[in-house]
Amino acid sequence: MEFSFELLWEILPQLLRATVVTLEATFCGFFIALVVGLVMVTFMRARARGVRIAARLVMEFLRATPLLVQVYFLFFVLPEFGISLSPFLTGVIALGCHYGAYAAEAYRAGLEAVPKGQWEAAVSLNYGRLATYRHIVLPQALPPIVPSLGNIAIAMLKDTPILAAVTVTELMFVANEIGSERFQYTEPVTAAALIYLVLSLAAAPLINLIDRRLRPQETRA
Amino acid sequence: MHIVWEYRQLLVEGVRITLLITALSAVLAIFMAFASGLARDARSPLLRVPAIIYIELFRGTSLLAQMFWLFFVLPSFGVNMPALACGVLAIGLCNGAYGSEIVRGALRAVPRGQREAAIALNYSRAQTFRIILLPQAARIMAPLFGSLVIEILKGSSLVSLITLADLTFQAKNIILVHLNTTTVLSVVLVIYFLIALFISGGARRIERALSRGVDGAGR
């Protein structure tokens with residue numbers, strides 16, 4: 001079997017349109033993950049022990065179970081409660097919750113890395129809880145976790161094909177559809193795999209750039 | 001709940017396939033992690049370059065894309081593999097590429113003095129690796145490989161999309177017949193969670209066994 005560049009050329013516009021959906025899903029999912037992670041880490045650091053344990057359990061559960069089953073869960077269970085969302089929205093929410101648990105872990109690592117003396121100094125300067133976070137803790141906690149958040153974004157990009165299982169017309173779904181229509185899987189599936197490769201290779205330097213921009217001057221190498 | 005009881009045989013069969021795929025893929029992934037992790041830092045470019053290509057290729061593309069490629073595209077090149085082999089190969093190779101970083105990181109975390117001491121004692125390179133580096137690095141690797149096997153467990157759910165009857169596949173079939181989706185999918189999620197807990201517990205036991213006699217590691 002030969003690789004047909006003619007066919008590749010013919011289907012490329014379709015694949016690129018699907019790539020846009022893939023990127024949209026990644027960006028929306030990532031945004032949701034950042035927010036979900038923030039909520040989760042807040043509960044994980046709550047004063048009440050019960051809340052902390054519950055938040056920890058939810059996080060471990062989301063991280064240890066397959067995204068595919070979580071997507072099915074939202075897709076089939078939400079309508080039973082009268083909530084019907086589009087496949088795209090369902091998929092993006094599942095993606096956001098799954099990776100929100102990873103983001104929560106990243107935030108937690110960042111917050112715990114801030115030296116205790118910084119909190120004590122804030123108390124002695126009579127900073128409130130909010131002001132302590134805004135002016136003292138977050139500026140020190142966030143920059144070091146940019147690489148981990150970047151890795152989460154890349155991992156999400158590579159997990160978007162799972163949304164194809166609930167008919168989101170992203171890259172893998174379209175590649176598969178072209179394949180089954182023409183009985184010719186070689187070109188669409190290979191091209192889709194290469195598009196993922198190009199996107200994730202391009203993402204790495206981008207994250208490095210953001211990382212370097214956010215690093216405070218004195219810690220720059 | 002009675003639906004779950006009614007279909008318990010299907011679910012048990014699904015768990016069996018899920019565990020089989022997870023175990024086979026984990027063996028392949030850990031083997032590839034060591035092979036590519038060691039080759040990545042080798043002196044000879046003949047080892048280093050293929051390792052870099054393997055790692056970048058499998059980390060850069062999506063697991064599902066790899067699985068579909070093996071399942072749909074390879075037959076058109078005359079290579080016909082059963083679905084099980086496609087699933088295990090894709091999951092094992094993909095996670096092996098991620099695992100290479102675990103091997104490299106753990107070996108690098110062994111203090112430099114250990115290597116120098118081995119040279120001073122006239123150990124060969126192979127001896128240094130086997131007797132000095134590996135036992136110390138293995139302790140660092142154990143929990144990380146535990147997380148990798150949980151990723152493999154999660155990835156194994158994708159084989160349901162290439163016609164293999166794993167736990168996810170069975171769950172999907174049951175909810176197509178019965179409309180009680182909430183119960184079935186909740187039970188399946190809990191089963192995955194329990195398997196994951198079992199894996200991380202096992203990794204912790206291995207870590208503890210490897211830490212015996214190490215200062216400050218006795219818990």
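This short presentation describes a predicted model of two chains, A and B.

Good morning. I shall begin with confidence. The model scores ipTM 0.91 and pTM 0.91. For chain B, the mean pLDDT is 92, and 98% of the residues reach 70 or more. Within that chain, confidence is lowest in helix α1, residues 2-6, where the mean is 81. Helix α2 of chain B, residues 8-40, has the highest value, at 96.

I turn next to the architecture of chain A. Chain A contains eight helices and zero strands, so the order of elements from the N terminus is simply α-α-α-α-α-α-α-α. Along the principal axes, the C-alpha atoms of chain A fill a box of roughly 70 × 50 × 20 Å. Of its 221 residues, 38% count as buried. Taking contacts in chain A between residues at least 6 apart in sequence, 76% join residues at least 24 apart.

Now the contact between the chains. Chain A and chain B each contribute 30 residues to the contact. On the side of chain A that touches chain B, the helices α2 (49-64), α3 (67-77), α7 (171-182) and α8 (186-214) each supply at least two residues. Which helix gives the most to that side? The answer is α8(A), with nine residues. By character, the residues on this side of chain A comprise 22 nonpolar, six polar and two charged.

Two helices deserve a closer look, one from each chain. In α2(A), the end C-alpha atoms are 22 Å apart, which agrees with the 22 Å that its 16 residues should span at 1.5 Å a residue. A:Met59, A:Leu62, A:Arg63 and A:Ala64 are buried in this helix. The cover over the buried residues of α2(A) includes α1 (5-44) and α4 of chain A, together with α7 (125-156) and α9 (181-210) of chain B.

That brings us to α9(B). Its 30 residues should span 44 Å at 1.5 Å a residue, and its end C-alpha atoms are 44 Å apart, in agreement. The buried residues of α9(B) include B:Thr181, B:Val184, B:Leu185, B:Val188, B:Tyr192 and B:Glu207. They pack against α2 and α3 of chain A, and also against α1, α2, α7 and α8 (167-177) of chain B.

B:Leu185 appears again in the largest nonpolar core, which has 118 residues. The members that touch the most others are A:Val71, A:Ala103, A:Val189, A:Ala192 and B:Leu185. Leaving aside neighbours within four places in sequence, A:Ala103 is in contact with A:Ala33, A:Leu34, A:Val36, A:Gly37, A:Leu149 and A:Ile152.

I close with two individual residues. Is A:Ser84, in the loop between α3 and α4 (87-112) of chain A, buried or exposed? A:Ser84 counts as exposed, because it has 11 C-beta neighbours inside 10 Å and the cut-off for exposed is 12 or fewer. Not counting residues up to four places away in sequence, A:Ser84 touches A:Leu78 and A:Pro79. Its C-alpha atom is separated by 24 Å from that of A:Leu171, 87 residues apart along the chain.

The second residue is B:Ala39, in helix α2 of chain B. B:Ala39 is partly exposed, because 19 other C-beta atoms lie within 10 Å, and 20 or more would make a residue buried. With residues up to four places away in sequence not counted, B:Ala39 touches B:Leu47, B:Arg48, B:Pro50 and B:Ala51. B:Ala39 and B:Ser100 are 61 residues apart in sequence, and their C-alpha atoms are 9.4 Å apart in space.

How values were computed. Residues numbered from 1 in each chain as written. Chains lettered and ligands numbered in written order. Predicted model: local features only at pLDDT ≥ 70, side-chain atom pairs only at ≥ 80, totals over all residues. Contact = placed C-beta atoms within 7 Å. Helix = DSSP H or I, 4+ residues; strand = E, 2+ residues; numbered from the N terminus. Nonpolar A, V, L, I, M, F, W, Y, C, P; charged D, E, K, R; others polar. Core = buried A, V, L, I, M, F, W, Y, C linked by C-beta atoms within 7 Å. pLDDT = per-residue confidence, 0-100. Expected span 1.5 Å × (residues − 1).
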